[in-house]
Amino acid sequence: MKTFLLLVIFTAANLQRTNAQVEFNIEVNRLSEKVALLTGGLWNTNVLVIKSQKGLIMIDAPFSHEATMCYKKAAIKEFGSDDFIYLINSHSHLCHLGGNSVFKDVSIIGHENLKSDIIDSKQVDSNKLSLNSILALCSEQIEYLNNTIESIPNEENVPDWMTTSKKQFEDLQIEYSKGVDITAPNITFDSVYTLDLGDLTIKLIYYGYAHSSSDIVIHIPEEKILFTGGIIHKGQVPHTEIDKNTPSDIIKNWLSILEFFTSDSVELKYIIPSHGGMNSIYDKQLLITSYNYFEKLWNQIIIMKKNENSLDETKEKLNFNDHFSEFGELTN
């Protein structure tokens with residue numbers, strides 16, 4: 001069931017385009033006859049591949065064209081097919097859509113905000129997906145890894161992941177320095193989108209402004225799988241980033257979605273975040289814990305606001321250890 005593939009994309013055409021040799025170790029785990037979890041590269045990015053009666057579907061396209069080619073080749077080898085019909089983007093971060101160009105000839109699906117983020121990135125340098133931002137990220141990471149490696153007295157003590165990550169960021173820097181253009185989805189939706197694949201159903205649900213402006217959860221009921229993207233990770237409080245653009249009613253949306261997936265009517269075997277491989281998969285009980293935490297936190301904040309407590313007072317009074325000790329299994 002478990003195979004390890006070292007996939008090196010090193011063709012004349014690729015060299016001519018990027019002068020880079022991208023090398024990602026891809027770990028492949030079959031979750032069922034129809035579903036495989038692919039993990040590898042920077043930050044152990046998770047990619048889900050589903051084989052349906054109508055063709056292959058891939059969830060997320062990490063980092064860049066070259067990096068995503070590694071995942072795609074692993075999927076083709078695992079399922080013995082290259083009949084991709086859909087790519088789904090879980091949210092608008094580089095490690096989940098940088099390689100969309102690999103699937104430019106198939107339907108790419110994402111939330112409408114994700115498409116807007118990509119379009120905006122071509123005009124606004126401060127956008128995290130802009131070419132300047134990506135190159136700056138690569139430079140920062142390379143500098144950090146260089147300094148860390150140099151600070152280790154004995155070269156033999158340098159962890160392999162550090163030298164590997166440095167090489168991968170250098171490869172990305174070379175590729176993006178050539179002006180890579182991120183492909184935007186050609187199918188977008190605002191709240192819910194359902195794919196009927198004959199033997200399988202894939203339901204995409206907009207979670208809201210959370211880890212990004214375009215987070216969705218992806219439910220495959222026949223396989224009892226929920227892909228939560230960057231929102232909820234095993235053993236951690238939910239990852240949300242609220243700012244001035246966050247709609248005021250988004251908390252109700254979060255709670256509504258979590259209430260549905262934690263109900264007795266939904267059976268879940270695998271709940272999968274966007275990073276971490278097989279060790280990152282968690283069960284429904286942890287999802288229930290996350291929901292209960294969110295609900296209690298929100299209710300406590302409402303009380304604080306009614307009592308006209310300031311934000312700083314609320315932060316101080318609602319500290320995790322004193323008010324949420326029953327959720328101590330979650331890393332704060």
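Contact here means that heavy atoms lie within 4.5 Å. The structure is a predicted model, in which local features need pLDDT of at least 70 and side-chain atom pairs count only at pLDDT 80 or more, while totals for chains, interfaces and linings use all residues. Residues are numbered from 1 along each chain as its sequence is written, and side-chain values use heavy atoms, with hydrogens and water left out.

With that meaning of contact, Leu131, Ile134, Leu135 and Cys138 are among the residues of α5 that meet α6, whose partners include Trp161, Met162, Phe169 and Tyr176. By class, this contact has 12 nonpolar, eight polar and two charged residues, where Ala, Val, Leu, Ile, Met, Phe, Trp, Tyr, Cys and Pro count as nonpolar, Asp, Glu, Lys and Arg as charged, and the others, Gly among them, as polar.

Turning to the interior, the largest nonpolar core (buried Ala, Val, Leu, Ile, Met, Phe, Trp, Tyr and Cys residues joined through side-chain atoms within 4.5 Å, buried being under 20% relative accessible area, exposed over 50% and partly exposed in between, with a 1.4 Å probe and protein chains only) has 43 residues, and Phe24, Leu38 and Ile182 are among those with the most contacts inside it. A second, separate core of 30 residues includes Ile250, Leu286, Tyr291 and Phe327.

Two backbone positions deserve a look. Most residues other than glycine have a negative phi. Lys224, although not a glycine, has a positive phi of about 55 degrees, and Lys224 is partly exposed, with a relative accessible area of 28%. Glu308, also not a glycine, has a positive phi of about 60 degrees and counts as exposed at 70% relative accessibility.

Conventions. Helices (H or I, at least four residues) and strands (E, at least two) are DSSP runs, numbered from the N terminus.
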